[in-house]
Structures are given as structure tokens and as C-alpha cells.
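Open the structure in your viewer and keep the selection box handy. We will go from stop to stop, and at each one you can select the residues and look around.

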Amino acid sequence: MGTPINLGRLFGVYLRVDIGVFLIAAIFVIDGLRQPGFGGVVDEITFVVLLFMSIYLHEMGHAFGARLFGIGTHDVTLTFFGGYARLSRTPRTTLEEIVVSGSGPAANLLLAAGLSFFLGSTSSDGVADHSWFILERLVYANLILGIFNLLPGYPLDGGNIAQAILARFMRRSQARLITGYIGLGVAGLLVLWGLSGGGFGFTVLVGLMLGFAAWQEVQAVKGSRF
Ligand SMILES: [Zn+2]
């Protein structure tokens with residue numbers, strides 16, 4: 001969706017924001033407008049900013065994992081569908097692949113755990129109701145970000161991890177084919193869930209995009225095998 005806007009360097013990594021992010025923000029703001037008063041809009045904006053900060057944390061988790069192996073990160077880009085980090089080189093060994101792919105979801109799960117610990121140990125009296133509600137939503141969002149990305153299908157992080165492990169027992173092309181098909185399955189379930197009313201129409205979009213990426217991966221492996 002056009003050239004991402006460069007927001008400058010944070011922790012040594014350039015942060016870029018795709019224009020699509022503002023579309024997502026707009027969807028949340030419209031949702032907030034449906035509630036009476038202006039508080040709904042403020043809450044939705046707060047939540048969507050925190051949501052993109054969680055996605056940023058996810059990508060910086062990958063950057064941190066990569067740094068452990070001396071792999072640099074050029075930039076992190078936030079997009080309509082989440083984000084991606086561009087590394088200076090692809091991970092080579094099984095351990096590198098697992099750590100670099102796993103550290104993104106791990107960052108979200110750690111944040112979710114930290115936040116729920118905070119919510120569990122604080123009485124809600126001291127925190128305004130809507131702030132409490134936003135933090136609860138943030139816990140769920142980070143749980144979903146962490147767990148969903150660990151599903152073992154291409155192009156998810158879990159797909160990379162599964163592929164790295166499978167590739168120890170079979171040819172890489174076979175491992176790619178398997179995670180590609182699992183990715184198609186995950187995408188199909190996501191579309192079905194979205195169509196049956198789960199989440200927003202956004203779920204269907206994400207499912208279709210994942211499915212397209214997985215289908216391309218399967219075609220690429222099949223095309224190069226013979
Ligand atoms: Zn990731």
C-alpha cells in the first residue's frame with residue numbers, strides 16, 4: 001500500500017508505518033463513535049495505539065532474537081495486517097530459525113502475562129473502569145497475537161518454527177510443502193470463522209491474505225521440485 005512513512009530510528013532499528021495502519025485506526029474510531037459521548041472514541045484510539053505498540057513489540061522481539069545471533073535488523077514496518085521486520089540476513093541453523101521466529105510471539109505472551117499479573121494484583125478501584133477494560137482487551141489482543149502466530153502454518157512464525165524442525169527429518173522442500181498446506185488449513189478456518197460472525201470482516205481478509213501466501217508457497221515448492 002504505497003511507500004511506508006519512516007518515523008526514524010528507535011533502539012537502532014528504523015520504524016516505518018504503512019498508510020494502511022490509519023485505515024485500521026479509522027475502523028476503531030468509527031466503532032468508538034457508536035458509543036454515546038466522546039469517551040468511546042478516546043478509548044478506541046488509546047486501544048488501537050496500544051495494539052500497534054504490541055505489534056511493534058512483536059517485531060522488536062524478532063529483532064532481539066536475531067541480535068542474539070549477530071543478525072541486524074534494517075527496519076520494522078507496521079502495516080494493515082500487522083507488521084514485519086527486515087533482517088540483515090536470514091537465520092541459518094535450526095536454533096537460529098526457532099529463536100528468531102519464536103521471539104516475536106514470546107514478546108506478546110510475556111506482555112500478556114505481565115499485564116494479567118498487574119491486573120490480578122491491583123484492585124480495580126484505583127483504576128478508572130474504562131482504563132481497566134482497555135488493559136483487559138490488551139491482554140487478550142497480546143494472547144491472540146502470541147498464540148495465533150505460533151500456529152504451525154506458513155507464513156506464520158509457528159510455520160517457520162515447524163519448518164525448521166521438520167527440515168531436520170526430511171528435505172526442506174517437503175517441510176515447506178507441509179507447513180504450506182497447514183497454512184492453507186489455518187487460513188480456511190479463519191475465513192470460515194470470520195464468515196460465521198467471529199471477529200470482524202477483518203478476520204476474513206486476514207484469512208484470505210494468509211491463504212494466498214500459503215497457496216503461493218505450495219505452488220513455489222511444487223514448481224521447483226522437478
Ligand atoms: Zn512474527
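A word to start with: donors here are N, O and S atoms within 2.8 Å of the metal, and water is not among the atoms, so a site may look incomplete. Keep in mind, too, that this is a predicted model.

**Stop 1: the zinc ion**

Select the zinc ion together with H58, H62 and D157. Both histidines coordinate the zinc ion through NE2, while D157 appears twice in the donor list with OD atoms; the distances are 2.0 to 2.7 Å. Along the sequence, the donor residues follow the spacing H-x3-H-x94-D.

Why is the arrangement irregular? Turn on angle labels: the 4 donor atoms subtend angles of 53 to 145 degrees around the zinc ion. Four donors count as tetrahedral if all angles lie between 85 and 135 degrees, and they count as square planar if opposite donors are over 155 degrees apart and all others between 65 and 115. The angles here therefore make the arrangement irregular.

**Stop 2: helix α2**

Now select residues 39–67, which make up helix α2; H58 and H62 both lie there, 4 residues apart, about one turn of the helix. In general, an α-helix has 3.6 residues a turn, so residues three or four places apart point the same way.

Are these histidines buried or exposed? H58 is buried, with a relative accessible area of 4%, and H62 is buried as well, at 7%.

Stay in helix α2 and pick V41. With a relative accessible area of 6%, V41 is buried. Leaving aside neighbours within four places in sequence, V41 is in contact with V29, G32 and L33. For a distance check, draw a line from V41 to Y84: their C-alpha atoms are 28 Å apart, and 43 residues separate them in sequence.

**Stop 3: helix α1**

Next, select residues 20–33, helix α1. At 1.5 Å a residue, its 14 residues should span 20 Å, and the end C-alpha atoms are indeed 20 Å apart.

Colour G20, V21, I24, F28 and G32, which are buried. These residues cover an arc of only 145 degrees around the axis, which puts them on the same side of α1. Rotate to the other side of α1 and you will find I30 and L33, which are exposed.

**Stop 4: the strands**

Switch to a cartoon view and select β1 (residues 5–10) with β2: they run antiparallel, joined by 4 bridges. Look across the pair and you will see R9 standing opposite Y14 in β2. The two strands form a hairpin with 2 residues between them, and F11 in the turn has a positive phi of about 55 degrees.

Strand β2 covers residues 13–17, and 4 of its 5 residues are buried. Add β3 (residues 73–79) to the selection: β2 and β3 run parallel, again with 4 bridges, and L15 stands opposite V76 in β3.

How many residues of β3 are buried? The count is 6 of its 7 residues. From β3, a hairpin leads through 2 residues to β4. β3 and β4 (residues 82–87) run antiparallel, with 6 bridges between them; one pair to label is T79 opposite G82 in β4.

**Stop 5: W215**

Finish in helix α7 (residues 201–225), where you can select W215. W215 is partly exposed, with a relative accessible area of 44%. Show G180 as well: the C-alpha atoms of W215 and G180 are separated by 6.9 Å, although the two residues are 35 apart along the chain.

How values were computed:
Residues numbered from 1 in each chain as written. Predicted model: local features only at pLDDT ≥ 70, side-chain atom pairs only at ≥ 80, totals over all residues. Heavy atoms only, no water. Donors = N, O, S within 2.8 Å, 3.2 Å for Na, K, Ca; no water. Tetrahedral: all angles 85-135°; square planar, octahedral: opposite > 155°, others 65-115°. Buried < 20%, exposed > 50% of the residue type's maximum accessible area, 1.4 Å probe, protein only. Contact = heavy atoms within 4.5 Å. Expected span 1.5 Å × (residues − 1). Arc of directions from axis to C-beta. Pairing = 2+ DSSP bridges.
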